[in-house]
Amino acid sequence: MRAAVRNAHALRTVSNTRRAAISVAQRTLTTSCARAEEHESPWGINSLRKFTEEEVMLRDAVRRFAENEVKPRVEKMDEEEKMDPKIIQGLFEQGLMAVETDPELGGAGFSFTAAVIVIEELAKIDPSVSVLCDVHNTLVNTVLRKYASEHLRNKYMPRLSSDMLGCFCLSEPSSGSDAFAMKTSVKKSSDGKHYIINGSKMWITNSGEAEFFIVFAQGDPSKGYKGISAFAVEKDMGVNIGKKESKLGIRASSTCTVNFDEIKVPVENLIGEEGRGYKIAIEILNEGRVGIGAQMVGLAEGAFERALAYTFEREQFGKPISSFQGMQFQIAQVATEIEAARDMVYNAARLKDEGHPFTKEAAMAKLFSSQVAQRAAGYAIEWAGGQGFTREQGIEKYWRDSKIGAIYEGTSNIQLNTIFNLVAKDKGLK
Ligand SMILES: Cc1cc2nc3c(=O)[nH]c(=O)nc-3n(C[C@H](O)[C@H](O)[C@H](O)COP(=O)(O)OP(=O)(O)OC[C@H]3O[C@@H](n4cnc5c(N)ncnc54)[C@H](O)[C@@H]3O)c2cc1C
């Protein structure tokens with residue numbers, strides 16, 4: 001188990017020496033554990049601000065990693081449109097690429113909420129690094145953890161915990177929102193030992209650096225979406241990485257076309273059952289959307305914090321610009337929206353951890369957080385005036401990065417669609 005999660009994990013596993021572990025871990029990771037205990041509700045119900053001790057320690061460790069390792073590289077990575085390999089290595093070394101994975105398979109065995117904390121903290125500093133970690137944890141690892149055979153879990157999860165980056169291949173040039181209209185095909189080889197995959201996926205996050213691919217393919221178009229299956233595919237099986245997109249935002253995150261030309265995948269690499277791919281995709285994207293919500297909340301917080309500090313330094317008319325009521329009201333409004341978005345994200349995450357339905361809450365959290373991120377980052381530029389518009393302050397990047405929140409893992413219209421259907425159903429009208 002790696003650095004950032006090791007001490008936090010100790011709190012749970014070594015219960016008889018719990019206090020001693022806390023004090024050792026506190027010295028190395030945090031000074032704020034006591035605060036979590038102080039917030040224990042006597043009624044047994046906690047606010048969404050209540051984190052467990054291990055969550056607090058994890059958050060503080062990620063915060064330090066983001067400040068010390070990510071922050072100094074953000075500008076260069078954005079300019080060069082390239083993720084520094086040291087960041088990926090660092091995320092693995094810190095144990096942040098297997099947050100929910102079973103410790104026996106090299107992971108931390110933490111909750112989904114813990115993964116959300118990691119994604120939020122990274123996004124405060126760089127939403128590109130955040131989405132790399134998010135896709136790997138909430139989509140790739142989760143598909144294997146929930147649906148793959150023991151053989152596949154044992155084969156791939158230790159490497160996905162230590163050094164092998166993964167990506168999630170659903171979208172295609174002609175099927176984005178209508179994802180199940182995919183053209184990528186799969187058929188069994190004549191000897192029955194392999195599946196043969198043909199086709200192309202588009203806009204695949206992490207694909208520039210990934211060695212592992214969760215691939216959705218259509219095996220029987222006459223069955224419609226029920227003909228779709230999911231596969232665990234290694235790059236060495238012959239995956240070809242095509243065009244890398246040059247983007248408006250999250251530029252350090254690789255987004256490429258991924259081609260499969262008669263790729264032979266062993267039959268045991270089918271994830272779940274044949275024809276269940278659509279169900280896997282639908283269910284997994286519910287979790288993914290909470291992750292994107294966390295990315296957008298972290299982004300909004302990052303932009304807000306930087307611009308707020310500037311409003312206390314910058315003077316006009318002989319006073320800090322934060323002393324003008326016109327500025328104060330905008331700041332208060334944005335702070336309120338971030339608070340609401342954050343509560344929606346953590347509510348969805350806690351619902352998921354508690355085993356409750358959370359599809360509607362996930363869609364709402366993703367929709368609203370992406371709207372708040374855009375507004376917060378837009379205001380942050382305005383509050384910093386000309387400085388905000390230049391690259392120097394690093395504020396305009398948040399605004400560029402925010403736009404993707406309304407597009408991937410289901411556009412805002414698709415979230416609204418889901419929300420409407422579930423609201424109507426809740427009210428017995430559908
Ligand atoms: C940077 C980036 C990273 C990505 N990463 C991944 C990844 O890792 N894996 C992956 O599989 N995909 C990925 N995607 C693809 C992403 O999920 C799709 O772009 C997204 O689902 C939208 O599909 P589309 O681009 O084809 O837009 P379209 O589906 O063509 O939508 C265009 C517009 O039409 C609207 N629209 C479509 N259908 C409806 C409807 N029924 N009702 C109302 N409005 C509708 C949409 O809301 C949108 O405004 C990524 C995309 C980007 C840009």
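**A tour from one helix pair to the whole chain**

Begin with helices α7 and α11, which are roughly antiparallel to each other in this predicted model. To see this, select residues 112-125 for α7 and residues 325-353 for α11. Their axes come within 8 Å and cross at roughly 150°; angles over 145 degrees count as roughly antiparallel.

Next, display the side chains where the two helices meet. From α7, select Phe112, Thr113 and Val116. From α11, add Val345, Tyr346, Ala349, Arg350, Lys352 and Asp353, which complete the contact. Coloured by class, this contact of α7 with α11 shows five nonpolar residues, one polar residue and three charged residues.

Now zoom out and colour the chain by domain. Domain 1 covers 2-162, domain 2 covers 166-278 and domain 3 covers 281-426. Between the centres of domain 2 and domain 3, taken over C-alpha atoms, the distance is 31 Å. Where these two domains touch, nine residues of domain 2 are in contact with eight residues of domain 3. The domain 2 side of this contact consists of six nonpolar and three polar residues, with no charged residues.

The UniProt annotations, from an unreviewed entry, offer further selections. Start with residues 52-162, which UniProt labels "Acyl-CoA dehydrogenase/oxidase N-terminal". This span is 74% helix and 0% strand, and its end C-alpha atoms lie 25 Å apart.

Move on to residues 167-262, where UniProt places the domain "Acyl-CoA oxidase/dehydrogenase middle". Here the content is 0% helix and 48% strand, with 20 Å between the end C-alpha atoms.

Then select residues 275-419, annotated in UniProt as "Acyl-CoA dehydrogenase/oxidase C-terminal". The span is 77% helix and 3% strand, and its end C-alpha atoms are 26 Å apart.

Finally, recolour by pLDDT. The chain averages 92, and 91% of the residues score at least 70. Which stretch has a pLDDT below 50? Select residues 13-36 to find it; in the model this stretch has 32 contacts beyond near neighbours in sequence.

Technical notes:
Residues are numbered from 1 along each chain as its sequence is written. This is a predicted model: local features need pLDDT of at least 70, side-chain atom pairs count only at pLDDT 80 or more; totals for chains, interfaces and linings use all residues. UniProt positions are given in the numbering used here, feature names are shortened, and annotations may be inferred rather than shown by experiment. Helices (H or I, at least four residues) and strands (E, at least two) are DSSP runs, numbered from the N terminus. Domain bounds come from an automatic or database domain assignment. Two residues are in contact if their C-beta atoms, placed from the backbone, lie within 7 Å. Ala, Val, Leu, Ile, Met, Phe, Trp, Tyr, Cys and Pro count as nonpolar, Asp, Glu, Lys and Arg as charged, and the others, Gly among them, as polar. pLDDT is the predictor's confidence in each residue, from 0 to 100. Axes are lines fitted to C-alpha atoms, for helices over the stretch in contact, and angles run from 0 to 180 degrees between N-to-C directions. Angles under 35 degrees count as roughly parallel, over 145 as roughly antiparallel, 65 to 115 as roughly perpendicular and the rest as oblique.
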